[in-house]
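The exercises below work through a two-chain model, each with a task and a stepwise solution. Please keep the structure in view while following the steps.

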Amino acid sequence: MKRIALYLALFAGAVVSVAPYLMTLNSAFKEPAQVLTTPAWEPAFPVTLENFAQVWSQYDMAGFLLHSLVYAGAVTAGQVVFSTMAAYAFGRMSFPGRDVLFWGYLATMMVPQIVTLVPLFLIMREFGLIDTYLGLILPTAFGTPYGIFLVRQYFRTIPRDLESAARIDGAGTLTVLVRVLLPLSRPILATLATITFITTWNTLLWPLIVTNGDATRVVTLGISALKGQHSSQYHLILAAAALALLPLIVIFLLFQRHIVRSIALTGLK
Amino acid sequence: MIDNITYDRSVQGHRRVERRLAARVRAVAEAYALLAPSLVGFLLFLVAPIFGVAALSLFDWNLMGAPSFVGLDNYRELAADPEVWRAVLNTIYYVVLNIPAQTVLALLLALALNRRIRGGKVLRVVFVLPWMAMPVALGIIWSWVFDPRYGVVNQALGMVGIDGPNWLTDPAWAMPVIASVNVWQYTGYTMLILLAGLQAIPHTLYEAAAIDGTTPMQRFFMITLPLLRPSLFFVLVTNTIGSFQIFDTVFVMTQGGPGGATDVLNFHIYQQGFQLFRSGYASALAMVLFALILLVTAAQFLYFRKRTVYDFS
């Protein structure tokens, strides 16, 4: 009896977790009139692609998605490469100022993003980077304290003997990093890349501030503008929301193992 | 002969020291070379802006022309501005609606999943699905779910004869709706962290306590809760810091409305800084938000340090 109650509660939780996704997808395939007249849980019939076709042709949906892909892709690449380099220095080498710097990095993780926003905007304006990809990408592309911390912690679990053996064989720092540590660190790098991509893809505030033209408009800006214009044309904005979420769902399903494990790890330090 | 040997040794020693020194210098140079990109980013895009915002908060500047130094005027203005106080209270109200609900729900789910049940792994993934959703897309979807006429919630309420409120355009309901969207998004994430904490508690403790004839309720309060404290502390601190910065859902769902009922600090700062271009004033507001977060975090640290009294090694 208690067991049944437990399963029922968990099942209810699971339904609530996926219901908004399923209802959105379901309604996006309905005919415009039906989106308003039929309840969201009623299956789409007849199934139509009209809503997707309409957002795709009337708005630069393809452009939004492409711009987000460039933005999130570049930030992810930078984050993985530069965080790994810094993590190696912090985790495996000794140099004057290491601990002070590392604590400095950690301390800034506490600082809310809005605090840095006005000066960051001014810096980008000074460099003439408003409305450019560089302006979008630069603040997070050099590796964030979070990323560096994540990789450093992982590096410290890898036995030093492996590294010493390579050193005795005459390997330099870069060789050790690339040939010895990186192959062993694939899981954590996959985790970092996935989380960075998802976070960047979802970011609204920084693009909202640093871009305003069509040439770099990312998907978060694109669909929030769409909502502003057509707040009750649900067939359109739901189709757009579904398109914006699609890449995330694909990535999540591909990397769910890494994501679940990395979240579990965050609390156990 | 003897002299020769000592001479040789000292030269060799000297060379060894030199070689070691060169190797050390090389290692330090290598370390800084590896660190260089992240250090540039750190100093230019994180440290400089933090000092910049403190300095800017003492100026009046509309982003054009020259900034003029006004001392603490911005702080005086914001302290006297009822909209700022409303934004502070709205932010706190949001955090209070969000954090306890999310943490309790997450703890219950984690306790359920910590038992050996079928499909536990799949459920874990399902519960984390909301976490990765784009808040902007979520804002759109939930605006639709809570639409007074066409939304699922009022349609369902209508089926049982209840006339649902106007949710997002009702000042009393707008904030609870926004909070519930975030509870939906982050409960699974919090649950996973707590679940990891639960799984780290040694089983032998429960077995020993069971032999001593304790009830499950006693075991929860005497073993589970105290040993879960570090994980609970972590999720409370990080989720609270995150909650104080609520922006995206407000931006998409209400734009601070109706009548300022969801005008939270982060949104207020955005409007002042980037819609009205009052960068000095917005910087002062940002300092206030920062101070608020530091204060709450410090309080949480003190509270948990006082009460975390366990040792089992």
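**Exercise 1. State the domain assignment of chain B and how far apart the centres of its domains lie.**

Solution. In this predicted model, the assignment for chain B gives domain 1 as residues 2–56 and domain 2 as residues 75–307. Taking the centres over C-alpha atoms, one then finds that 45 Å separate domain 1 of chain B from domain 2 of chain B.

**Exercise 2. Describe how helix 4 and helix 7 of chain B pack, and classify their relative orientation.**

Solution. Begin with the geometry: helix 4 of chain B, residues 120–128, packs with helix 7 of chain B, residues 174–199, at an angle of about 135 degrees, and their axes are 7 Å apart. Because angles over 145 degrees would be needed for a roughly antiparallel pair and 65 to 115 degrees for a roughly perpendicular one, helix 4 of chain B is oblique to helix 7 of chain B. Next, identify the residues: helix 4 of chain B contributes B:Arg124, B:Phe127 and B:Val128, while helix 7 of chain B contributes B:Gly188, B:Tyr189, B:Met191 and B:Leu192. Sorted by class, the residues of this contact are five nonpolar, one polar and one charged.

**Exercise 3. Locate the domains of chain A and analyse the contact between them.**

Solution. Chain A is divided into domain 1, residues 17–48, and domain 2, residues 61–266; the C-alpha centres of these two domains of chain A are 34 Å apart. The contact between them joins seven residues of domain 1 of chain A to six residues of domain 2 of chain A. On the domain 1 side, helix 1 (2–28) and helix 2 (32–37) of chain A each supply at least two residues, and helix 1 of chain A gives the most, with four residues. The residues of that side are five nonpolar, two polar and no charged.

**Exercise 4. Determine the orientation and handedness of the packing of helix 4 and helix 7 of chain A, and list the residues that meet.**

Solution. Helix 4 of chain A (residues 61–92) and helix 7 of chain A (residues 133–141) pack at an angle of about 30 degrees, and 9 Å lies between their axes. Since angles under 35 degrees count as roughly parallel, the two helices of chain A are roughly parallel to each other, and their crossing is right-handed. From helix 4 of chain A, the residues A:Val70, A:Tyr71, A:Ala74, A:Val75, A:Gly78 and A:Gln79 meet A:Tyr133, A:Leu136, A:Ile137, A:Thr140 and A:Ala141 of helix 7 of chain A. The class count for this contact is eight nonpolar, three polar and no charged residues.

**Exercise 5. Set the UniProt annotation of chain A beside the helix content of the model.**

Solution. The unreviewed UniProt entry places "domain: ABC transmembrane type-1" at residues 65–255 of chain A; over these residues the chain is 79% helix and 0% strand, with end C-alpha atoms 20 Å apart. The entry's "transmembrane region" annotation covers several spans of chain A, among them 188–209 and 234–255. Residues 188–209 of chain A are 91% helix and 0% strand, with end C-alpha atoms 32 Å apart, whereas residues 234–255 of chain A are 100% helix and 0% strand, with end C-alpha atoms 31 Å apart.

**Exercise 6. Characterise the side of chain A that touches chain B.**

Solution. Counting both sides, 66 residues of chain A are in contact with 72 residues of chain B. The largest share of the chain A side, 14 residues, comes from helix 14 of chain A, residues 234–266. By class, the chain A side has 50 nonpolar, 15 polar and one charged residue.

Terms used. Residues are numbered from 1 along each chain as its sequence is written. Chains are lettered from A and ligands numbered from 1 in the order in which they are written. This is a predicted model: local features need pLDDT of at least 70, side-chain atom pairs count only at pLDDT 80 or more; totals for chains, interfaces and linings use all residues. Domain bounds come from an automatic or database domain assignment. Two residues are in contact if their C-beta atoms, placed from the backbone, lie within 7 Å. Ala, Val, Leu, Ile, Met, Phe, Trp, Tyr, Cys and Pro count as nonpolar, Asp, Glu, Lys and Arg as charged, and the others, Gly among them, as polar. Axes are lines fitted to C-alpha atoms, for helices over the stretch in contact, and angles run from 0 to 180 degrees between N-to-C directions. A crossing is left-handed if the near helix is turned anticlockwise from the far one by less than a right angle, and right-handed if clockwise. UniProt positions are given in the numbering used here, feature names are shortened, and annotations may be inferred rather than shown by experiment.
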